[in-house]
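Trainee: Got a minute to go through this one with me? I'd like to work through the chains and then some single residues.

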Amino acid sequence: MSFTSFDAGWWPFVYILIAGWLATDFWRYAGVLLGRRMNENSQAFLFVRAVATSLVAAVIARLIVFPSGALADTPLALRIGAAAFGFAAFLLGGQRIAVGVGSAVAVLIAGMLMGF
Amino acid sequence: MQSIDNDAAGEGTALLWLGRGMRRILSLPALILMSAFVGFAGFARESGVELVHAVFMTAVIWALPAQVVLIAAIKAGMTLVPTFVAVTLSSVRMMPMLTALVPRLRAERTRTVTLLFLSHFVAVTSWVMANQFIDQVPRRFRTAYFGGFAVTLTTLNIAIVAAVYSFSAAIPPLILGALFFLTPVYFLTSLWATARERVIKIAMVAGLALGPVFYLVAPEFDLLLAGLAGGTVAFLLGRRLPDGKAGEGT
């Protein structure tokens, strides 16, 4: 039963609902039910936040190191260099997010224009 | 639920905070996410996914990595069960994210069904932003504020996918590349900006370092493993380090 198995207009929507919505919102609901019992000041809560933060950081690293689409054609060193430059500018610029994002993208574009 | 027009404490009304939340849409991160969805529309089209299906999956999934995994599976002709497994693995991260957000989001009388409804609109961008602003909102209006922001953000991006799909092929690769790059760099800076405790900062650095390693070792479980390993290391290390206790910010 793949996406194109049935020649019916409703099938792709059912496929998306089961393999997409259910597969994702299940975890959201589980997280809510678990979080409802959690005390904001407990050590357990700090631990869960550390795990969530680490996980989001891994998402960031994946997007930079193993990107998809148009970014995949740029060299790894340029992407890491641009991100590192942006992060340094962010720290030096008084932790202003716009400064970090702007300078990282500027370095990336400059690198792409120079033919890297 | 809070009553709409009761302003006894001088903190405003639920409706006011809902509106303030909606206004958060006019911000850099919301703009960055919108550009990421421009990229997604292009990716869906390139992969032969129809416009209605791309719009539908944005609405019901609302998690960019899961949507990319789903489209890759569709393209590869995968059957329902393996696709479900692949998508669900990419979405496990929602659980710790929600568990970490809910205690800060809810007030004493917040109903579970309200939280379940709002949870659908939690993805990385709204999560990072909520961590930034939620403490400045009076507790009983936090769900209204977050709802105003997050539901608007989702709705807007559904509209963007619908609007951009047709002419996404005309966007030059240089621009698309820059648009794709905005997302990780925004997450990188804002996650650091919202990490007040030492444990959370160590967790972030650990996740950045461990993510690619686990991707190479176990690409299906990389995020989950990096989260668990990085979070555990940070929790143990951050509590043991001298000078500064866990839970205290700098």
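Trainee: What separation do the centres of domain 1 of chain A and domain 3 of chain A have?
Mentor: In this predicted model, those two centres, taken over C-alpha atoms, are 35 Å apart. The domain assignment cuts chain A into domain 1 (1–37), domain 2 (40–66) and domain 3 (68–116).

Trainee: And how is chain B divided?
Mentor: Into domain 1 (14–194) and domain 2 (196–250). Their C-alpha centres lie 23 Å apart.

Trainee: How many residues does the contact take from each of those two domains of chain B?
Mentor: 6 residues from domain 1 of chain B and 6 residues from domain 2 of chain B. On the domain 1 side, the classes are 5 nonpolar, no polar and 1 charged.

Trainee: Switching to the chain–chain contact, how many residues does each chain put in?
Mentor: Chain A gives 69 residues and chain B gives 84 residues.

Trainee: Which helices of chain A supply that side?
Mentor: H1 (11–35), H2 (43–65), H3 (76–92) and H4 (97–113) of chain A each supply at least two residues. The largest share is from H2(A), with 21 residues.

Trainee: What's the class make-up of the chain A side?
Mentor: The side of chain A that touches chain B has 49 nonpolar, 14 polar and 6 charged residues.

Trainee: Okay, single residues. Where does Phe90(A) lie?
Mentor: Phe90(A) is in helix H3 of chain A. Phe90(A) counts as buried because there are 25 C-beta neighbours inside 10 Å, and the cut-off for that is 20 or more.

Trainee: What does Phe90(A) touch, leaving out residues up to four places away in sequence?
Mentor: Gln95(A), Arg96(A), Ile97(A), Val99(A), Gly100(A) and, from chain B, Thr189(B). As for Val56(A), 34 residues away along the chain, its C-alpha atom is separated from that of Phe90(A) by 19 Å.

Trainee: Gln95(A) is on that list. What's its phi?
Mentor: Near 55°, a positive value in a residue other than glycine. Gln95(A) sits in the loop between H3 and H4 of chain A.

Trainee: Why does Gln95(A) count as partly exposed?
Mentor: Because Gln95(A) has 13 C-beta neighbours inside 10 Å. Exposed would need 12 or fewer, and buried 20 or more.

Trainee: Which residue just after H3(B) takes a positive phi?
Mentor: Trp62(B), at about 50°. Trp62(B) lies in the loop between H3 (51–60) and H4 (64–75) of chain B.

Trainee: Is Trp62(B) buried or exposed?
Mentor: Trp62(B) is buried, as 24 other C-beta atoms lie within 10 Å.

Trainee: And which residues are buried in H3(B) itself?
Mentor: Ala54(B), Phe56(B), Met57(B) and Thr58(B). The buried residues of H3(B) pack against H1 of chain A, and against H2 (28–46), H4 and H9 of chain B.

Trainee: Let's move to H7(B). What's buried there?
Mentor: Leu115(B), Leu118(B) and Ser119(B), within a helix that covers residues 112–119. Viewed down the axis of H7(B), these buried residues fall within an arc of 105°, so they line one face of the helix.

Trainee: What's the general rule about which helix residues point the same way?
Mentor: An α-helix has 3.6 residues a turn, so residues three or four places apart point the same way.

Trainee: What do the buried residues of H7(B) pack against?
Mentor: H1 of chain A, plus H6 (94–105) and H9 (142–164) of chain B.

Trainee: Which residues does Ala150(B) contact, leaving aside neighbours within four places in sequence?
Mentor: Leu118(B), Phe121(B), Val122(B) and Ser126(B). Ala150(B) lies in helix H9 of chain B, and it is buried, with 26 other C-beta atoms within 10 Å. The C-alpha atoms of Ala150(B) and Leu64(B) are separated by 15 Å, and the two residues are 86 residues apart along the chain.

Trainee: Last topic. At what angle do H11(B) and H12(B) pack?
Mentor: About 145°, with the axes of H11 (198–217) and H12 (222–240) of chain B 7 Å apart.

Trainee: Is the crossing of H11(B) and H12(B) left-handed or right-handed?
Mentor: Right-handed. The contact of H11(B) with H12(B) has 14 nonpolar, 6 polar and 3 charged residues.

Key: Residues numbered from 1 in each chain as written. Chains lettered and ligands numbered in written order. Predicted model: local features only at pLDDT ≥ 70, side-chain atom pairs only at ≥ 80, totals over all residues. Domains from an automatic or database assignment. Contact = placed C-beta atoms within 7 Å. Nonpolar A, V, L, I, M, F, W, Y, C, P; charged D, E, K, R; others polar. Helix = DSSP H or I, 4+ residues; strand = E, 2+ residues; numbered from the N terminus. Arc of directions from axis to C-beta. Axes fitted to C-alpha atoms, helices over the stretch in contact; angles between N-to-C directions. Left-handed = near helix turned anticlockwise from the far one by under 90°.
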